[in-house]
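Student: I should like to request a close look at one part of this structure. Please set it afterwards in the context of the whole assembly.

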Amino acid sequence: MRILSFLIFLIVLFFAGRLADSPHGPDFKLSCSTCHSPGGWHLDTAVYSFDHNTTKFPLSGQHNNISCRQCHTTLVFSQAKSQCVDCHKDVHEATAGSDCLRCHTSVSWLVNNINEIHRLSRFPLMGAHRTADCTQCHKSESMVRFDVSGVNCIDCHMREFQATTNPNHSTFGFSQDCSTCHPVNAIQWAGSGFNHNFFPLSKAHTLQCIDCHETGTYSGLNPDCAACHQPEYNAAKNPDHIVSGFPNNCKLCHSLNPGWKPASYRQHDNQSFPIYSGKHDGEWNSCTDCHTNPSNYKVFSCLNCHEHNQASMDGKHKGEAGGYSYNSAECLRCHPNGKAD
Amino acid sequence: MKQLVVIIFVILIGVELFGQSVSENLPGQVSYVSSQNVYVKFKSTEGISVGDTLFMPSQGNLIPALKVSNLSSSSCVCIPLPGIILSASDLILARPNSQVKQTEAITQKPEIKVPVVISQTDTTKTEESKAPEFKQRIKGSISAYSYSDFSNTTASNSQRFRYTFSLDARNIGNSKFSVESYISFKHKVGEWIDVKENIFNALKIYTLAVKYDLNKTTQISAGRRINQRLSSIGAMDGIQIEKNLKNFAMGAVVGSRPDYTNYGFDPNLFQYGAYLAYNSKSASTFTESSLAFMQQTNHSNTDRRFVYLQHSNSLLKNLYFFGTLEVDLYKLNIDTINGNTPQNTFNPTGVFLSLRYKLTKNLNVSGSYDARKNVMYYETFKSSIDSAFERELRQGFRLQASYRITRDLMFGIQSGYRYLKSDPHPSKNLYSYLTYSQIPGVNISMTLSATYLESNYMNGKILGGNLSRDFFQGKFSTGMGYRFVDYRLPESFITIKQNIAEMNLSWQMAKNISFSLNYEGTFEQQNSYNRFYAQFRKRF
C-alpha cells in the first residue's frame, strides 16, 4: 500500500510539474524572460521589459511608482481591476461620479483645475466666487461631499439678503436674483459690486437713489420713461408731443444727453415717410421743413420744397387711375416712398 | 515490487529529462551578469550540483571561475571567484558528476527530482507552502497640501493647509488583524479659532478601523470605515461583517453614521443594513452586482430607509457599463397640525449610468447620465425640508468621443448638459481638443482646446493651448498653458475678458516621495487672481 501511495505521489508530481508551469493563468502569453532571469522566478527588475502601455491600463503618474502587487493581488495579472473605485475608496460618497480623472490626475490627488471643473458645470467661478473656499459653497460635514447645489443667488445668499438694511432688501421686496444689481463677477456687494446696468445711471440719469426711489421703494418702480418724465412730455410744445401723437417712450427719440437734445425720430421711416433713408435722406434740416405747424406735427407739406405748379401737375397726372388731387396728403398717398414713380 | 518502483521512477525522470545528455565537460554560456551573480545557461544542468566549480577556458587550460550557488534544470546561478570578470556570452565549462552518483542521489532523495525548475523557486514554493495563512501587507502615505489664493481685489487673500494620513496595514505580523485609516486635518491661516472651538471642524476621520479575519472568507471590522459596496453611504461607525462564498459576498453593518454637523461620533444616529453582492469573471467578460438595504435613524426615529443597487459589467468586448440606483423607501408626510405621518414609498433619489465603448482601435466613445436629488433625512434636517432646490432632481448628460488620428495625434470632443428645475436655464458646454504627443525633436506634448458654454447667468467662449514635457525619464514633469476667456453676462450687460496663465510641475523626488506645484493666474482688465497649490507626498 505504501508503495502504491508512493507511485501515485510520483505520478501526481510529474503531471503537476507539467501543468503548473505558469502561475499566471492559461491565457498568459508573455515570455518568461520578460520578467525573470535565470536567477529565479522572482521579478528581476534588471531584465524586466514589459510595456504596460500595451494593456488596457497604461501606467501614468503615481501608478508608475507603486508596487505591482498593489494592483495585481494575484499572479494572474488579468485579474487586476481597472476602475478607480476598485483601489481608491470614494470619500465623496458617490456625489462626484465614478471617474476620479474628472477632478484628479494620476500624478496627484491635488485638484488643480478647479476653475476648469466649474466651467463645465452649472456654475463657472467668477469674482468673489473665485476666491472662496470650496467648503463655503459645498457644505458638508465631511467637507468632501458634493451635494446638489442650487445655482440661484438666493440659494447661498439668503442670509445676506435678509441682513441687508440699507436699503432693506426684504422690506422693499427686492428681487432675489442678486445678479440684477450685484453682478456675479463682483468682489463686494456695494461700490463697484453694485450694478445698475438694467437702468444705466449715466449722463442725465446721474442721480442720487432718492431722486427716483423717493419713497424708499426699491422694487416695483416703473422703468418706463413716462413714469418720471410724463410732465416734460405733456409740456413739450416744439413739437407738441400730445397733439402730434408721439409715443411717450422718450428713448425712441431722445438719448441720455441732458436737455433732451439732440433728438431724432427714426421711426418716421417706417411709420409715415422715409426721411432717414431714400431720396429725402439728408434733404432736410429741421422737422419744421415739412411740419409747418410746430404745434401739430400731423400737419405736413410737400409743396414747401417741391416747387410744383398745379397746372403742370394736373396735366402730368391727367388720366391716371385712382384719382388725383393737388395737395400734400395726396402726394404722400401716391408717393409713400418719396419716389417719383 | 521495489524494483518496479525504481524502474517507474527512472522512466518518469527519464521522460522529464529526455533529450539531455551528460558529457565530460558540459559547455554553457554566460547569459546575464548582475552585481553579485553570474547566470550561466546550459543545455541541461544534469550532473551539476550546488557548490560545484565551473571553469572558463583560457589558453588551452580550464581556470576555475565560478561557484554554483543555485541551479535550475538549464541554468546555474553562480558566484564569481575572486579576480574573475565575465560578460554575457562567455563560454563556461562544467564537469558533471557521474551517472552513478546521480542515480544514487535520485534513489536516496527522490524529492529533489521533482521537475520544478529553479532551486530558488523550490525555496519560494516551500516558503509558500509554509507561508502563514495571512500575509502582512502594509501601505500608506502622508501628504501635505498648501492652497494659496491671492488677488489685487478687496477680497481677502487666503492660505489653507491640509494634511492627510492614510494607512492600510493588512494582517499585521501575519496575524488576522488589520488596521486601516484615512484622516485629514485642514485649517486656514488666521482662522485657528475654528480649530480651537471644535477640533472636528478641522479633523476629519474618514476611516479608522480594525479588521479581523475570522477565516479566509469572513472578515469583521470595528470602527469607522467606508464600505466600497456601500460607497454612497460614506463612512460608517460600528461593526461591519462580510462573508464571501465563491462568487457571492454578503455583509451586514450596524452602528451609527457620523455627526451631521462636524463628522464626529454620534451614537444617536443609529443605523443598520445588509448587502448581497455577486461577481463573475471569465477570460474576457465580467459582471459585478450588489444590492444593499439601509435603515438610518435619529434618536430612534426613522431618518431614512433606502436600497442601493450597483452593477457593472463588460459583457461585450471593449464595452464597459457602470450603473447605480438609489431608492428611498421611507417618507415622512409633514403635517404640523395633525401630526406627521410616516409612509412607505418608492422614490428614486439617484441614478447614474455610464457606458464606455471602444468602437475601433482608434475611436473611443462614452456617455453618462445622472439624476440626483439631495438625500432627505426627515428627522435630522427638519428645518431645511422646505428648501426647494434640495428636493429637486438635478439631471445631467455627458458625451465624449476621442479619435486617434495618428500615433501621436489625438482629437476629442466632449459635451455636457445639466439642469435643475429651479435653474433659470440649463447649463450646456461643448469642449474639444487636439493633442499632439511628443513633437519630434523637442519631445513636447501640445494640446489646443476650445470650449463653448452656456450657464444660468453667462455664456462664454474659451480658447486655450497647453505644452508639457517630461525630464529625467519622467521624474520631473512640467507644463504651461494659456487660455483666453470671453464671458458675457446678459442679465448684467457685462462682458468679461480673461487671460489665464497656467503652470505646473511635478517632481518624483524618490520612489516614494513626490512633490507637485500648480499655478493659475487670471488677469482681467482690472482684477487679477493668483492661485498656488502644492502637494508633498510620502508613501510607505
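What is the relative accessible area of B:Ile413, and what degree of exposure does that value give it?

Tutor: In this predicted model, B:Ile413 has a relative accessible area of 36% and is therefore partly exposed. The class follows because a residue counts as buried under 20% and as exposed over 50%, with partly exposed in between. B:Ile413 is located in strand 21 of chain B.

The surroundings of this residue are best described through the surface patch to which it belongs. B:Ile413 is one of the residues that make a nonpolar surface patch of about 1,000 Å². Membership of such a patch requires over 30% relative accessible area, and the 36% of B:Ile413 therefore meets that requirement. Its partners in the patch include the aromatic residues B:Tyr403, B:Phe411 and B:Tyr452. Leucine is represented by B:Leu430, B:Leu434, B:Leu448 and B:Leu467, and methionine by B:Met446, B:Met480 and B:Met503. B:Ile405 completes the list. Strand 21 (409-420), strand 22 (427-439) and strand 23 (444-454) of chain B are the elements that give two or more residues to the patch. Of the elements involved, strand 23 provides the largest share, namely three residues.

The chain that carries this patch contains five helices and 28 strands. Of the 540 residues in chain B, 42% are buried. Its exposed surface comes to about 28,700 Å², with 59% supplied by carbon and sulfur atoms. Among the contacts in chain B with a separation of 6 or more, 44% link residues 24 or more positions apart.

Two buried residues of chain B provide a contrast with B:Ile413. B:Ser256 has a relative accessible area of 3%, so it is classed as buried. B:Ser256 belongs to strand 13 (residues 248-256). Beyond its neighbours within four places in sequence, B:Ser256 contacts B:Met236 and B:Asp237, and also B:Phe265, B:Asp266, B:Pro267, B:Leu269, B:Phe270 and B:Gln271. B:Asn227 is likewise buried because its relative accessible area is 3%, but its place is in a loop, between strand 11 (218-226) and strand 12 (235-245). With the same neighbours within four places left aside, the contacts of B:Asn227 are B:Met236, B:Gln240, B:Val253 and B:Tyr275. With B:Gln240 there is also a side-chain to side-chain polar contact of 3.1 Å. B:Met236 appears in the contact list of B:Ser256 and in that of B:Asn227.

Chain A has another make-up, with twelve helices and zero strands. Buried residues account for 31% of its 341 residues. Chain A exposes about 20,800 Å², of which carbon and sulfur atoms supply 57%. Residues 24 or more positions apart make up 41% of its contacts with a separation of 6 or more.

A:Thr288 offers a local view of chain A. This residue is in the loop between helix 10 (268-271) and helix 11 (310-316). A:Thr288 is partly exposed because its relative accessibility is 32%. Its side chain forms a polar contact of 2.6 Å with that of A:Ser286. Apart from neighbours within four places in sequence, A:Thr288 contacts A:Pro294 and A:Tyr297. The C-alpha atom of A:Thr288 is 8.9 Å from that of A:Pro239, although 49 residues separate the two along the chain.

The final part of the picture is the interface. Chain A contributes 82 residues to the contact and chain B contributes 100. Together the chains bury about 8,400 Å², and 55% of this area is on carbon and sulfur atoms. On the side of chain A, the residues that lose the most area to chain B are A:Arg119, A:Arg122 and A:Val148, which together account for 9% of what that side buries. A:Arg122 also forms a salt bridge with B:Asp423, at 2.9 Å from N to O. The two chains share seven salt bridges, and 29 residue pairs are in polar contact across the interface, both residues being at pLDDT 80 or more. The elements that give two or more residues to this side of chain A are helix 1 (2-19), helix 2 (68-71), helix 3 (84-87), helix 4 (114-119) and helix 5 (128-131). Helix 1 supplies the largest share of that side, eight residues.

Technical notes: Residues numbered from 1 in each chain as written. Chains lettered and ligands numbered in written order. Predicted model: local features only at pLDDT ≥ 70, side-chain atom pairs only at ≥ 80, totals over all residues. Heavy atoms only, no water. Patch = residues over 30% accessible without salt bridge, like charges linked within 9 Å, V, L, I, M, F, W, Y side chains within 5 Å. Areas by Shrake-Rupley, 256 points an atom, 1.4 Å probe, with all protein chains shown as cover. Salt bridge = Lys/Arg side-chain N within 4 Å of Asp/Glu carboxyl O. Helix = DSSP H or I, 4+ residues; strand = E, 2+ residues; numbered from the N terminus. Buried < 20%, exposed > 50% of the residue type's maximum accessible area, 1.4 Å probe, protein only. Contact = heavy atoms within 4.5 Å. Polar contact = N/O pair within 3.5 Å; in protein donor to acceptor, adjacent residues only side chain to side chain. Buried area = accessible area lost by both parts, 1.4 Å probe.
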